[in-house]
Amino acid sequence: MKQRREKSMKIMNMHIPSHIIMIAWSIIVFVPVFLLIVNSFKTTRELFDNLFSLPKTLNLDNYRSVMSDGNFFVYFRNSIVVVTLSLFGILFLGSLASFALAHWTRSKLSNGIYFLFIIGMMLPIKIASIRLLEIMKSLGVLGKLTSLFPVYIAMGLPIAIFVLTEFIRSLPIDLYEAAYMDGAVRTRIYATIVLPLIKPALATVAIYNLVPIWNDLWFPLIFIGRAEGQQTILLAVTDLQGQYTTQWTKVFALLTLSALPVLTLYLLMSKQFVKGLTAGAVKG
């Protein structure tokens, strides 16, 4: 009994440092979110009086103003369209390329193509902004949402191929052999066997790309600018920032509203996300 108690105490002592780190990290993450939400309910005077205080009353004027005065629902729709189509392109093209690479006999050519995609994870796509701007101008899509899709898909493909290729390689080869014996072609194997089995990995890739695409301001700013009806929700925040004054309470309200879809999707897909990470860690 005494040995068991000592053993449990040792295990607890081993976990204490990790718990302290996690608590500290949770506080670091929670405080900015708390300030964002709390200050979105304040008046401008309350905000500048004390940034860290609670609002005296539950003031919803900032939210009403953002949703009525501006084209909030248009911006929100644009962001949803951009994220949805970009993620679909990343997952579809990434899974197809990964399926091909996973079943391609290991050779210098296949390894070279694979590492060519992986290099994309090390090189930030923003370094090619000027060249991309010239390409979008030549295609005649500047000032349109369609200019964002190819950039975001190219930005998300490297991590998608990295995760999905290794995940598909870990699937039992007996499944493919049984399907071939039943007369299934590659497209049917991909659609009916591979895709259902890699759902956790697809969720991992989707969440990994969801946040940077939704929160991106760089490419909408240089590709779309002030084009009427084409702005994303993060780009709309810049409309509230003037040369001399910034409507900070409305900025906080708009940022709070823009964060809700990302948080909701993450909560809905978190189980698949964790499952994909742990499966990759065990099988990889």
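Modeller: A quick convention before we dig in: a helix is a DSSP run of H or I with at least four residues, a strand is a run of E with at least two, and both are numbered from the N terminus. The model is predicted: local features need pLDDT of at least 70, side-chain atom pairs count only at pLDDT 80 or more, and totals for chains, interfaces and linings use all residues. Residues are numbered from 1 along each chain as its sequence is written, and side-chain values use heavy atoms, with hydrogens and water left out.

Colleague: Okay, start me off with S110. Is S110 buried or exposed?

Modeller: S110 sits in helix 5, residues 108-122. Buried means under 20% relative accessible area, exposed means over 50%, and partly exposed is in between, with a 1.4 Å probe and protein chains only. S110 comes out at 3% relative accessibility, so it counts as buried.

Colleague: And which residues does S110 touch, sequence neighbours aside?

Modeller: A contact means heavy atoms within 4.5 Å. Leaving out residues up to four places away in sequence, S110 touches L101, W104 and T105.

Colleague: Let's zoom out. How many helices does the protein chain have?

Modeller: Reading along the sequence, the pattern is α-α-α-α-α-α-α-α-α-α-α-α-α. There are zero strands in the protein chain, and the helix count is 13.

Colleague: What share of the contacts with a separation of 6 or more joins residues 24 or more positions apart?

Modeller: For background, the protein chain has 284 residues, of which 37% count as buried. Take its contacts with a separation of 6 or more: the share from residues 24 or more positions apart is 72%.

Colleague: How do helix 4 and helix 7 lie relative to each other?

Modeller: Axes are lines fitted to C-alpha atoms, for helices over the stretch in contact, and angles run from 0 to 180 degrees between N-to-C directions. Under 35 degrees counts as roughly parallel, over 145 as roughly antiparallel, 65 to 115 as roughly perpendicular, and the rest as oblique. Helix 4 and helix 7 pack at about 40 degrees with their axes 7 Å apart. That angle makes helix 4, relative to helix 7, oblique.

Colleague: How many nonpolar residues are in the contact of helix 4 with helix 7?

Modeller: Ala, Val, Leu, Ile, Met, Phe, Trp, Tyr, Cys and Pro count as nonpolar, Asp, Glu, Lys and Arg as charged, and the others, Gly among them, as polar. A crossing is left-handed if the near helix is turned anticlockwise from the far one by less than a right angle, and right-handed if clockwise. The crossing of helix 4 and helix 7 is right-handed. Its contact residues include seven polar and one charged, and the nonpolar count is 17.

Colleague: What about helix 4 with helix 10: how many charged residues are in that contact?

Modeller: Helix 4 (residues 72-102) and helix 10 (residues 199-214) pack at about 140 degrees, with axes 10 Å apart. Their crossing is right-handed. Among the contact residues are F76, V83 and L87 of helix 4, facing a group in helix 10 that includes L202, N209 and W214. The tally for this contact is 13 nonpolar, four polar and, for charged, no residues.

Colleague: Which helix gives the largest share of the largest nonpolar core?

Modeller: A nonpolar core is a set of buried Ala, Val, Leu, Ile, Met, Phe, Trp, Tyr and Cys residues joined through side-chain atoms within 4.5 Å. The largest one has 55 residues, and L148, I168, I189, I198, F223 and L254 have the most contacts inside it. Nine of its residues, the largest share, come from helix 7.

Colleague: Helix 7 again, then. How far apart are T165 and Y114, C-alpha to C-alpha?

Modeller: T165 is in helix 7, and with 0% relative accessible area it is buried. Neighbours within four places aside, T165 contacts S98, L101, A102, Y114 and A160. T165 and Y114 are 51 residues apart in sequence, and their C-alpha separation is 9.1 Å.

Colleague: Last one: how far is the C-alpha atom of L235 from that of P220?

Modeller: L235 belongs to helix 12, residues 233-237, and is buried at 1% relative accessible area. Not counting residues up to four places away, L235 touches L217, P220, L221, I224 and G225. L235 and P220 are 15 residues apart along the chain, and their C-alpha atoms are separated by 6.7 Å.
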